[in-house]
Structures are given as C-alpha cells and as structure tokens.
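Trainee: I would like to learn how to read a protein model step by step, beginning with its strands and ending with its empty spaces. Could we go through one together?

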Amino acid sequence: MENTEHVLVTGGSGFIAGHLILQLLDAGHRVRATIRSLDRESAVREVLADAGTTAGDRLEFVAADLTDDAGWAAAVADIDVVHHVASPVMPGHVEDEDAVIRPAREGTLRVLRAARDAGVRRVVLTSAFHAVSWGHPHTDHVFTEADWTVLDGPGVDAYGKSKTLAERAAWAFAESEVGAPELVTILPVAVMGPAMGHGVSGANHILQSMLNGAMPATPRLFIPVVDVRDVAAAHVTATTLPEAAGQRFLLSNGPALEMAEIAATLREHLADDAEAVPTQTLPDDVVRAAAETQPQFRAMVPDLGYAKRTSNERARTVLGWTPRDPHEAIVAAARSLLEKGLTTR
C-alpha cells in the first residue's frame, strides 16, 4: 500500500494502543509493539486476533520498559514513526506521586532519546486532557491546545501532573535537541469504547462501577467523552500527515456529560442489564464531607457542578477528524464489558 510506514507502538498491551495497532495494520503499516515481557506476547496476540486483526508477519513484539534503557535501541531500529502511548494511569489519590510522575516523564524522554539516536522521523505522543484543563478557575473558558494544566491549582492529581510534565518535557526536547524527531501530541478527553481483552481501562472504569452497583449514586461531575476508536484514528492520521508536525491536538466531542446523563444512557440502551445503574445523584455536601476522610472523594470536590468546555477545531480542520457521538462510545463500551463478563464486583 502507498504511504505506509514501519511504526513502533509503546505499551502494546494497553487499551488505546490495542485499538491503534488494529487501525495501523488495517491501514497497511508494519507495526512493532513494546511490552514489558515477551511472556505476554501470545496473550496480546490473542486479544488482537479476537478483535479482528489478521496481522501475519506485519506485527512483531519487543520487550522494553519505561523505567529501563534496555531494549529501546532494538525497539526503535529501522522505525519511521513512534507512537508513544505507554504511561502509568493512576487517576485520583496516590500515596507516592513520584511513582506516577517519574516513569511518565523519564520514560517519555527515554523513548525520545532512543528515537533521535535511531533517526526516527516522527514521534506521536499520547498525552491527555489532564495536561490541558486541570487547576484552572471555573469560568466559561473554552479549552484548546493553547491551554496547559496549572500544576499547583486545585484538583490536580498525580496523574494530571505526570501527563503535563511528560508532555512539557517532550516539547522541550523536540525544540532543543539536535536531530530530534518531529513531535505531535494527542490529548484525548475521557476515553471510552469497546474493551480489549479482559481488562478495564480508561474511563470504562466509570461504566463498570455503574453497571456492577459499586456506584450507588452519581456525584455531580461532568465528563467529556471520546471514543477510543476515534482516538486511534487521530493517531493513525498523525502518522503520515505532514501538517500535523509540531502540533498538539485536543480530542473532544461535544459538551461534557453529567454522570447522571451517562447513567441514564446506560439504562436507556441496556434495559435489564442496567438494573444496578444508579438513579440518584449524590449531593455536593455529601461528597465534600466524605472528602475529609476519604481520599478518593477529595479529587472530585474542585470540579463539582463544573462542565469544562472544549474545542476540537484543530483536530477537525488539520487531521480531518470526525468523531462519533459520545453516547455511542458509552453504549459500545458498556456492551463490551457485559459481553466479556467484566461487570462483576
């Protein structure tokens, strides 16, 4: 096929990475993926095969870890484009913030150095909305790629810091290092969509908690949702599009959805399978009271009742990106969780 590349995807066993691998292969690219241990290769191949790929010899795996230099030179050898997707995902309260921040930032720089040394043309970094909109005052501001999270602002957790610091480090590297590859960063809002394998990743955890009764009532939080398949599609376009170089792309789709609306969507489309989905809203004062003693509630308090506004104009105009309706992502994710038996507590 024309305009195909040899592409490395880091964190090949992950949620976004799995969908990305599928779409890269469908587009005719050759794909190499990193996993922490080659002992996992057969399991990852099984997941991809179950999702419909017929990769053949166009897909290979190598062992590499974000915390170690070993393996990265081999991983990037003869690679044209790197999609750096791997990063610790630990939203909310964590006891040791460095356990999230260090591997994200240092791992990103490790990948970029290896890519530079190997003559890789482009690195597409999977960042996040967490690097854009956290820690800001509540206004009617529309968040775009020009915005950055305020690290010492209210509600910024370790995960938000890790994504912000990792992306800033990547841009500093791209701008200062001789021979650095072109850099593109992709910043999705909360990612939902069909599960890969038997793990629950991204914002699908929210749906799992609703479906299995672990969330008896919904806090008054607003979640901007994007489909994982559309996130992967933006990455695929960014693989080859010349105009994408040197740009950030915020991937959002419409207004943020109140969690009560997400629950209502599940009840509307899943009938009896949604029996445990909450119908009540948790009062703000109850969340604030719980936050005094329970760390998992603490991160909710700054954004209670606040719906962040976003623009996806750059992704639409430059990448030609046309995302699905967020409700489609919610329903597809929920149905896949049910089909795979991932809604038990």
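**Strands, cavities and single residues**

Mentor: Let us begin with one pair of residues in neighbouring strands: T126 stands opposite I186 in β7. Please keep in mind throughout that this is a predicted model.

Trainee: Which strands does that pair belong to, and in what sense do β5 and β7 pair?

Mentor: β5 and strand β7, which covers residues 182-188, pair in the parallel sense over 5 bridges. β5 also has strand β4 (residues 81-84) as a partner, and these two pair in the parallel sense over 4 bridges. Within that second pairing you can look for V82, which stands opposite V123 in β5.

Trainee: How should I read the two faces of a strand, and which residues of β5 lie on one side and which on the other?

Mentor: The general idea is that in a regular strand the side chains alternate between the two faces of the sheet. In β5, R122, V124 and T126 are on one side, while V123 and L125 are on the other. All of these residues are buried, and both faces of the strand are therefore covered, since buried means under 20% relative accessible area. Counted along the strand, 5 of the 5 residues of β5 are buried.

Trainee: How many residues of strand β2 are buried?

Mentor: In β2, which runs over residues 30-35, 5 of the 6 residues are buried, so the strand is largely enclosed by the rest of the structure. As for its partners, strand β1 (residues 6-9) and β2 pair in the parallel sense over 4 bridges, and β2 and strand β3 (residues 59-63) pair in the parallel sense over 5 bridges. R32 is a useful residue to follow here, for L8 stands opposite R32 in β2, and in β3 the bridge partner of R32 is E60.

Trainee: Which helix belongs with β1 and β2 in a β-α-β unit, and what is the handedness of that unit?

Mentor: The helix is α1, residues 15-26, and together with β1 and β2 it makes a right-handed β-α-β unit.

Trainee: Now I would like to turn to empty space. How is it found, and how many cavities of 30 Å³ or more are there in the whole structure?

Mentor: The general idea is that rolling a probe the size of a water molecule over the atoms shows where empty space is left. Here a search of the whole structure finds 1 cavity of 30 Å³ or more. The largest cavity has a volume of about 60 Å³, and its lining includes H84, T108, T126 and E167. The elements that give two or more residues to this lining are α4 (98-118), β5 (122-126) and α5 (158-176). Of the contributors, α5 gives the most, with 3 residues. By class, the lining of the largest cavity has 4 nonpolar, 5 polar and 2 charged residues.

Trainee: What is the volume of the second largest pocket, and which residues lie nearest its centre?

Mentor: The second largest pocket has a volume of about 260 Å³. It is lined by 17 residues, of which S13, R40, V47, M196 and G197 lie nearest its centre. Helices α1 and α2 (41-50) each supply at least two residues of this lining, and α2 gives the most, with 5 residues. Sorted by class, the lining of this pocket has 7 nonpolar, 8 polar and 2 charged residues.

Trainee: Let me finish with single residues. Is T310 buried or exposed?

Mentor: T310 counts as buried, because its relative accessibility is 19% and the limit for buried is under 20%. T310 is found in strand β15, residues 309-310, and its side chain makes a polar contact with the side chain of S252 at 2.9 Å.

Trainee: And where is N3 placed, and is N3 buried or exposed?

Mentor: N3 lies in the segment before β1, and at 53% relative accessibility N3 counts as exposed. N3 also shows how to compare chain distance with distance in space: N3 and T239 are 236 residues apart along the chain, and their C-alpha atoms are separated by 9.9 Å.

Trainee: Where would I find V277, and what is its relative accessibility?

Mentor: V277 is in the loop between α8 (259-270) and β14 (280-282), and at 5% relative accessibility V277 counts as buried. The C-alpha atoms of V277 and A263, which are 14 residues apart along the chain, are separated by 6.2 Å.

Technical notes
Residues numbered from 1 in each chain as written. Predicted model: local features only at pLDDT ≥ 70, side-chain atom pairs only at ≥ 80, totals over all residues. Heavy atoms only, no water. Buried < 20%, exposed > 50% of the residue type's maximum accessible area, 1.4 Å probe, protein only. Pairing = 2+ DSSP bridges. Right-handed = clockwise from strand over helix to strand, strands pointing away. 1 Å grid on protein atoms, 1.4 Å probe; cavity = no way out; pocket = protein on both sides within 12 Å on 5 of 7 lines; lining within 4 Å. Points joined across faces, edges and corners; volume = space filled by probe spheres on them. Nonpolar A, V, L, I, M, F, W, Y, C, P; charged D, E, K, R; others polar. Polar contact = N/O pair within 3.5 Å; in protein donor to acceptor, adjacent residues only side chain to side chain.
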